[in-house]
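Thanks for coming, everyone. I'll keep this short. Please have a look at the picture first, and then we'll walk through it.

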Amino acid sequence: MIWRMSGRSWGREFWRWLWLEKSQVDQWFGYQAERKLASFMQTSARVLVLRQQDADWLLTFLPPERVA
């Protein structure tokens, strides 16, 4: 998305630097997506996971009996 916004101009590297390195907009989007997913998971009665990493993350805000 950032590459498309910057087009094919000479300023592409500048925009990449500004958006990704200086503003860290990619990390902000990731954080917002994680918050939205956590909010959705909190409304679920039970969450099934495949990876231990996902279970560990869910257990930070859900009780163990709701994670399988």
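Let's start with Phe61. Is Phe61 buried or partly exposed? Its relative accessibility is 23%. Buried would mean under 20%, so Phe61 counts as partly exposed. Keep in mind that this is a predicted model.

Where is Phe61? It sits in the segment after H4. What does Phe61 touch, once residues up to four places away in sequence are set aside? The answer is Ala38, Met41 and Gln42. There is also a distance to note here. Phe61 and Ser39 are 22 residues apart in sequence, yet their C-alpha atoms lie 9.8 Å apart in space.

That brings us to helix H3. It runs over residues 25-42 and has 18 residues. From first C-alpha to last, H3 reaches 26 Å, close to the 26 Å expected at 1.5 Å a residue. Which residues of H3 are buried? They are Val25, Ala38 and Met41. Two of those names, Ala38 and Met41, we just heard as contacts of Phe61.

Now follow Met41 inward. Met41 belongs to the largest nonpolar core. That core has six residues in all: Met41, Val47, Ala55, Leu58, Leu62 and Val67. In soluble globular proteins, nonpolar side chains tend to be buried together.

Take one member of that core, Ala55. Ala55 lies in helix H4. At 8% relative accessibility, Ala55 counts as buried, because the limit is under 20%. Which residues does Ala55 touch, not counting those up to four places away in sequence? Val49 and Val67. Look at the second of those partners. Ala55 and Val67 are twelve residues apart in sequence, and 6.8 Å apart from C-alpha to C-alpha.

Next to Ala55 in our tour comes Asp54. Asp54 is placed in helix H4, residues 52-58. Its C-alpha is separated by 9.7 Å from that of Val67, 13 residues apart along the chain. Asp54 is partly exposed, with a relative accessible area of 26%.

How many salt bridges does the structure hold? One. Arg51 forms a salt bridge with Asp54. The closest N and O atoms are 2.9 Å apart. What about the Arg51 end? Arg51 has a relative accessible area of 47%, so Arg51 is partly exposed.

Let's move to helix H2, residues 12-22, where Trp15 has its place. Trp15 has a relative accessible area of 35% and is partly exposed. Which residues form a nonpolar patch on the surface with Trp15? Phe14 and Trp17. Together the three have about 310 Å² of accessible area.

Finally, step back to the whole chain. It has four helices and zero strands. Read along the sequence, the pattern is α-α-α-α. There are 68 residues, and 18% of them count as buried. The chain exposes about 5,800 Å², with carbon and sulfur atoms supplying 58% of that.

One last number, on contacts. Consider contacts with a separation of 6 or more. Residues 24 or more positions apart account for 7% of them.

To recap: Phe61 touches Ala38 and Met41, among others. Met41 shares the largest nonpolar core with Ala55. Arg51 and Asp54 form a salt bridge. Phe14, Trp15 and Trp17 make a nonpolar patch on the surface. That's the tour.

Notes. Residues numbered from 1 in each chain as written. Predicted model: local features only at pLDDT ≥ 70, side-chain atom pairs only at ≥ 80, totals over all residues. Heavy atoms only, no water. Patch = residues over 30% accessible without salt bridge, like charges linked within 9 Å, V, L, I, M, F, W, Y side chains within 5 Å. Areas by Shrake-Rupley, 256 points an atom, 1.4 Å probe, with all protein chains shown as cover. Salt bridge = Lys/Arg side-chain N within 4 Å of Asp/Glu carboxyl O. Helix = DSSP H or I, 4+ residues; strand = E, 2+ residues; numbered from the N terminus. Buried < 20%, exposed > 50% of the residue type's maximum accessible area, 1.4 Å probe, protein only. Contact = heavy atoms within 4.5 Å. Expected span 1.5 Å × (residues − 1). Core = buried A, V, L, I, M, F, W, Y, C linked by side-chain atoms within 4.5 Å.
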